[in-house]
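Hi,

Here is the structure I said I would pass on. Have a look at it first, and then read my notes underneath.

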Amino acid sequence: YGILANRTARMDQVMGIAQQISENRELSDNNSSIFHYKDDLVMTMKSEWMGWVVVDYVSLEQILMPIRETNRYFYMSTTLLLILGIIAAFLLYRHIRLPLKELVIKLQRLKKGDFSVRIDMKPKNEFRFVMVRFNEMVVQIRELIEHVYIEKLRAKEAELKQLQSQINPHFLYNCLH
């Protein structure tokens, strides 16, 4: 009987959809149907009471635009999180792993008896305290070892002097006899 459309409707599009509905009996006989027409999604509903077919069409681009925008935000946020994760891993490696590695290497050298070992790294975090104390500890250990060594030498000298003092009177006595 004709087409009723609002003023914003694209009449060429409306005429094409109406022609497809009238050509396809299956669409016009069903109470409702959904189909594609060019770049639009078309929904039809037949009113038994009035005998009319109500048609609504929406551009697929209009339907998919929020999904594409959400996808774009998802990919951007995922990329940003990946970059932030890489930066965090690098910072953790640089500020924690490297000082710990340096400390372990120097402790191994100290364990092998190298008391000249020092940590030159000066990080600007809690490791600085540990490394300064490590260097102080190595100096103290070295001083203690030197002190013990000097005490041992003094003890040996005293023992030699004692033995010498014991030998001297016997030698003199033996010489006089």
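Below is what turned up when I went through it.

First, a word on confidence. This is a predicted model, with a mean pLDDT of 85 over the chain. As for coverage, 90% of the residues reach 70 or more. Helix α3 has the highest confidence, at a mean of 93, while helix α2 (residues 25-29) has the lowest, at 59. I'd read anything about α2 with that value in mind.

Now the inside. The largest nonpolar core has eight residues: Leu103, Leu110, Val117, Ile119, Phe127, Met131, Phe134 and Val138. Two elements, α3 (60-111) and α4 (126-176), give two or more residues each to this core. The largest share comes from α4, with four residues. Apart from this core there is another one, made of five residues, including Ile21, Phe35, Tyr37 and Val42.

Met131, a member of the largest core, is worth a click. Leaving out residues up to four places away in sequence, Met131 touches Pro99, Ile119, Met121 and Pro123. Of those partners, Ile119 is also listed in the largest core.

Next, Asp40, which sits in strand β2 (residues 40-47). Is Asp40 buried or exposed? With a relative accessible area of 2%, Asp40 falls under the 20% cut-off, so it counts as buried. Setting aside neighbours within four places in sequence, Asp40 is in contact with Arg10, Gln13, Phe35, Tyr57, Val58, Ser59 and Leu60. One of these, Phe35, belongs to the five-residue core.

Just past that strand, things look quite unlike this. Glu48 is in the loop between β2 and β3 (52-59), and Glu48 counts as exposed because its relative accessibility is 58%, where exposed means over 50%. Try the distance from Glu48 to Leu60 as well: the two are 12 residues apart in sequence, yet their C-alpha atoms are 29 Å apart in space.

Last, the surface. Leu80, Leu81, Ile83, Leu84, Ile87, Phe90 and Leu91 form a nonpolar patch there, and together they have about 680 Å² of accessible area. Leu81, one of the patch residues, lies in helix α3. At 61% relative accessibility, Leu81 is over the 50% cut-off, so it counts as exposed.

That's everything I have for now. Shout if you want to go through any of it together.

Cheers

Terms used
Residues numbered from 1 in each chain as written. Predicted model: local features only at pLDDT ≥ 70, side-chain atom pairs only at ≥ 80, totals over all residues. Heavy atoms only, no water. Buried < 20%, exposed > 50% of the residue type's maximum accessible area, 1.4 Å probe, protein only. Contact = heavy atoms within 4.5 Å. Core = buried A, V, L, I, M, F, W, Y, C linked by side-chain atoms within 4.5 Å. Patch = residues over 30% accessible without salt bridge, like charges linked within 9 Å, V, L, I, M, F, W, Y side chains within 5 Å. Areas by Shrake-Rupley, 256 points an atom, 1.4 Å probe, with all protein chains shown as cover. Salt bridge = Lys/Arg side-chain N within 4 Å of Asp/Glu carboxyl O. pLDDT = per-residue confidence, 0-100.
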